[in-house]
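Student: Could you take me through one part of this model closely? I would like to look at the sheet and what surrounds one of its strands.

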Amino acid sequence: METKLWNLRNDEPLGPQVKEAAALIAAGEVVSFPTETVYGLGANGLDGKACQKIFAAKGRPADNPLILHIAEMGEIERLTRGLSPMARKLMEAFWPGPMTLIVPKSDLIPDVVTAGLDTVAVRFPSHPVARELIRQAGCPIAAPSANKSGKPSPTNAQDVLQDMDGIIAGVIDGGSCDIGVESTIIDTTGKEPVILRPGGITREMITEVMGTARLDPGLVRADQTPKAPGMKYRHYAPQAPMLLVEGPEASLGVIRLAIMAEASEQRVGVIALEETLHHFPKGGNFVVHDGGKNLEELAENLFRELRLFDREKVDLIIGEGVRDQDLGLAIMNRMRKSAGHNIVWAENGLLVRKSGHVPECLQTIVMEP
Ligand code: TXA
Ligand code: MG
């Protein structure tokens, strides 16, 4: 299949440009489009056959349900059997934006979308292209992130094409995504809001509005199954093995480990905050990627930089972790998965293995717990 590319990176009105893509979606095809979080792989969310194509294109397991995207607040009403006051309060506070709500599903929704669950995930994105596309398609758009299953989510059209060229009907290029990590998923079917996936709407922001925001135990404990089916899969994985450095001295730890690995003939990829890179040695067989100045920039850059390492053929990636606070919670959720939970803790001048595996060339400077 030839994949069409629509370039919207200019100031022309969106309507006429999005028309062709929307018509393809209405006709049961799959089209990728930008949102404020990551690029989505969209199909008519009320057409089971069209949604099957999404699973096929991604190589996605059938037990991993999709998110339905809407273009107006009110469009959620016919997708659900009923909204709790909690859900309404969250919608008022954070929609349109990077928040997905889990609500009881209505009979309108094909089983393939919800993977047979009794609930459905709904999101009202703020991105103007996403909203115009949904409006013109005239249906809720089911859309997972537009990567092949297991890879980092794409945050620009080039990264979408890398995974989907020749496989889907088209890609709308609307430039780079602002937030860079996927939406916060909140389960609203219980007594209090439960975060199933951390994202751009932070736990702190939700707590401020709702008084409380629990984390799904499956997010924090290895012995609990996450409630969002997709969260149990290995994900965001670059081709090279990755080691994540956490703790109060993560910055220094990254530099020490990178130098050590490079000394044993490894081509070392590094992703770290700008401040850390100022202290990084010049020269050497390093491929250094700037994560940015702060959490917002790190979130925005993370997936693009991880994908670059695949093309640069590094042997090992060393990443700088940040604190599990604010946007840091969402960033660390992704980074730990990218690293396959290979984590080193840096504190008091010591490097200690926290979980997973440490490459052989680093075992002399990383202590066992
Ligand atoms: O920011 C985003 O949310 C992006 C953009 C495109 O909107 N979409 C996205 O979709 O990240 P996806 O499919 O990559 O992730 C959806 C997650 C999966 O972990 C899935 O298991 C979970 O949502 N999910 C979907 N329906 C669910 C449900 N009824 N109950 C619990 N988890 C659900
Ligand atoms: Mg995804």
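Tutor: Happy to. Let's start with a term we will lean on: two strands count as paired if DSSP finds at least two bridges between them. By that rule, β2 and β8 are partners, since two bridges join these parallel strands. Within this pair, V31 of β2 has G170 of β8 as its bridge partner. Please keep in mind throughout that we are looking at a predicted model.

Now step back to the sheet that holds this pair. It is open and built from 11 strands with mixed pairing, in the order β1-β8-β2-β3-β7-β4-β6-β5-β9-β10-β11. The edges belong to β1 (residues 4-7) and β11 (residues 214-215); each has a single partner strand, so one side of each is left without a neighbour in the sheet. Against this sheet packs helix α6, residues 157-164, which touches β1, β2 (31-33), β3 (40-44) and β8 (170-173). The direction of α6 makes about 170° with that of β8.

Strand β8 deserves the closest look. In the strand order β8 sits between β1 and β2. With β1 it pairs in the parallel sense over four bridges, and there W6 stands opposite I172 of β8. On the other side comes the two-bridge parallel pairing with β2 that we began with. What about the directions of the residues along β8? G170 and I172 point one way, V171 and D173 point the other way, and all of them are buried. This fits a general pattern: in a regular strand the side chains alternate between the two faces of the sheet. So two residues we met as bridge partners, G170 and I172, point one way from β8.

Further along the order there is another parallel pairing to compare. Strand β5 (residues 99-104) and strand β9 (residues 184-187) pair over four bridges, and T100 stands opposite I185 in β9.

Finally, here is the setting of this sheet. The chain has 12 helices and 17 strands. Its radius of gyration is 21 Å, close to the 21 Å that the globule rule gives for 369 residues, so the chain is as compact as a globular protein of that length. The C-alpha trace spans about 60 × 45 × 35 Å along its principal axes, and buried residues make up 57% of the chain. Among contacts between residues at least 6 apart in sequence, 66% join residues at least 24 apart.

How values were computed. Residues numbered from 1 in each chain as written. Chains lettered and ligands numbered in written order. Predicted model: local features only at pLDDT ≥ 70, side-chain atom pairs only at ≥ 80, totals over all residues. Heavy atoms only, no water. Contact = heavy atoms within 4.5 Å. Axes fitted to C-alpha atoms, helices over the stretch in contact; angles between N-to-C directions. Buried < 20%, exposed > 50% of the residue type's maximum accessible area, 1.4 Å probe, protein only. Rg over C-alpha atoms; globule rule 2.2 N^0.38 Å.
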